[in-house]
Structure formats: structure tokens, C-alpha cells
Amino acid sequence: MAKTVLKLTGDIAKRAAYARIMDAPIGHVVTIAEPTRTLDQNAAQWPYLEAFAKQKQLCINGEMQWVTADDWKDVLTGCWNGEMRMAAFDGKVIMLPQLTSKMGKGEFSTWLEFLIAMSVTGGVVVYPEKERMFA
């Protein structure tokens, strides 16, 4: 049996999912999960992350440095989760990124609220022309 993904949009879709479950062989796996974040949600974070990259530096190895929006995403998602995921390899400490692409819509909304709050408290101004895209 091939992998099937069904979106539960109403009672008819739920009955179809139930029928597929009842027809599935023993040992197959069923997962019910919140949908992951939307492309619009993903796009909404980048003006903030780009603003951080243009307006704030990070202390890296004891030296203030400009970093990319992707670097800021790694740092800020680590702060949001309350921990930085780090690994040691070959005598080096490496920060592991947090994947927003795996977040559900609700969790991603909370992440966006945190990101906006961090920009306000950090004095980071998001460029007005970028904000208009999401109004």
C-alpha cells in the first residue's frame, strides 16, 4: 500500500480516512498531526530576520560580528525554545539549527509573536516596504 496523506476537511474526509485505516494491513502506522506552517507564515519571518542581520551584531569567539539572517534565525529560535542545541565534533562546538519547517501552524504563530517581540525590545526596525507585503 502506498503512502497516503489525507487532510481532514470535514465529516466526509474523516469517514474516508477511517475507511483507509480499516483497509490498512496490520502493522501500518497512522499519524494525525496539525498541518505545518504555511508558506505565508514562513515568508513573514524573513523581514524580521533580515532586519536583525542588518542592524545587530553577535559576539562570536569574543568578537562582535555581522551575521546572516539564517544565523539570526538559529540564534533566535534557540532563545525561543529556551535552549541552544549544540553538539561537539572534532574538537569543535557546533550549534544545531531549529527547524521552523517542522512547526505546526499554531507553534509557528507563537514563534512569529516571539520574533516580533524580540525585534521591538531589541530596537530592530523592520523596513516599512517589507511590512507592506504582509499587511
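Student: Let's start with the cysteines. Which cysteine sulfur is closest to the sulfur of C79, and what is the distance?

Tutor: The closest one belongs to C59, at 14 Å, which is too far for a bond. This is a predicted model, so treat the distance as a computed value. A disulfide needs the two sulfur atoms within 2.5 Å, and that's the cut-off to hold the 14 Å against.

Student: How many disulfides does a search of the whole structure find, then?

Tutor: Zero. Looked at from the other end, the sulfur of C59 has C79 as its closest cysteine partner, again at 14 Å and too far for a bond.

Student: Where do the two cysteines fall on the scale from buried to exposed?

Tutor: Here you read the relative accessible area. C59 is exposed at 53%, whereas C79 counts as partly exposed at 41%. The line between those two labels is drawn at 50%.

Student: On to charges. How many salt bridges turn up in the whole structure?

Tutor: Just one. K92 and D90 bring their side chains together with an N to O distance of 3.3 Å. That passes because the cut-off is 4 Å. On the D90 side, the residue counts as exposed, with 59% relative accessibility.

Student: What about rings: how many aromatic pairs are there?

Tutor: The count is three. Take F52 and W72: their centres are 5.0 Å apart and their planes make an angle of 40°, which gives a tilted pair. The label fits because tilted covers what lies between the stacked limit of 30 degrees and the edge-to-face limit of 60.

Student: Which parts of the chain does that pair link?

Tutor: Distant ones: F52 belongs to helix α2 (residues 39–55) and W72 to helix α3 (residues 69–81), with the two 20 residues apart. Both F52 and W72 are buried, too.

Student: Which residues do ring pairs link into a cluster?

Tutor: W80, W111 and F114. There's also a charge over a ring to look for: R37 lies over the face of F108, 6.0 Å from the ring centre.

Student: Last one, the surface. Which residues make the nonpolar patch?

Tutor: L8, Y18, I21, M22, V30 and I32, covering about 650 Å². Pick I21 as your example, which sits in helix α1 (residues 11–23). I21 is partly exposed, at 39% relative accessible area. Patch members need over 30%, so I21 clears that bar with its 39%.

Methods. Residues are numbered from 1 along each chain as its sequence is written. This is a predicted model: local features need pLDDT of at least 70, side-chain atom pairs count only at pLDDT 80 or more; totals for chains, interfaces and linings use all residues. Side-chain values use heavy atoms; hydrogens and water are left out. Rings of Phe, Tyr and Trp (its six-membered ring) pair if their centres lie within 6.5 Å; planes under 30 degrees apart count as stacked, over 60 as edge-to-face and the rest as tilted. Helices (H or I, at least four residues) and strands (E, at least two) are DSSP runs, numbered from the N terminus. Buried means under 20% relative accessible area, exposed over 50%, partly exposed in between (1.4 Å probe, protein chains only). A charge sits over a ring if NZ of Lys or CZ of Arg is within 6 Å of the ring centre and within 35 degrees of the ring normal. Patches are made of residues with over 30% relative accessible area and no salt bridge: like charges are joined within 9 Å, nonpolar side chains (Val, Leu, Ile, Met, Phe, Trp, Tyr) within 5 Å. Accessible areas come from the Shrake-Rupley method with a 1.4 Å probe; for residues, only the protein chains shown count as cover.
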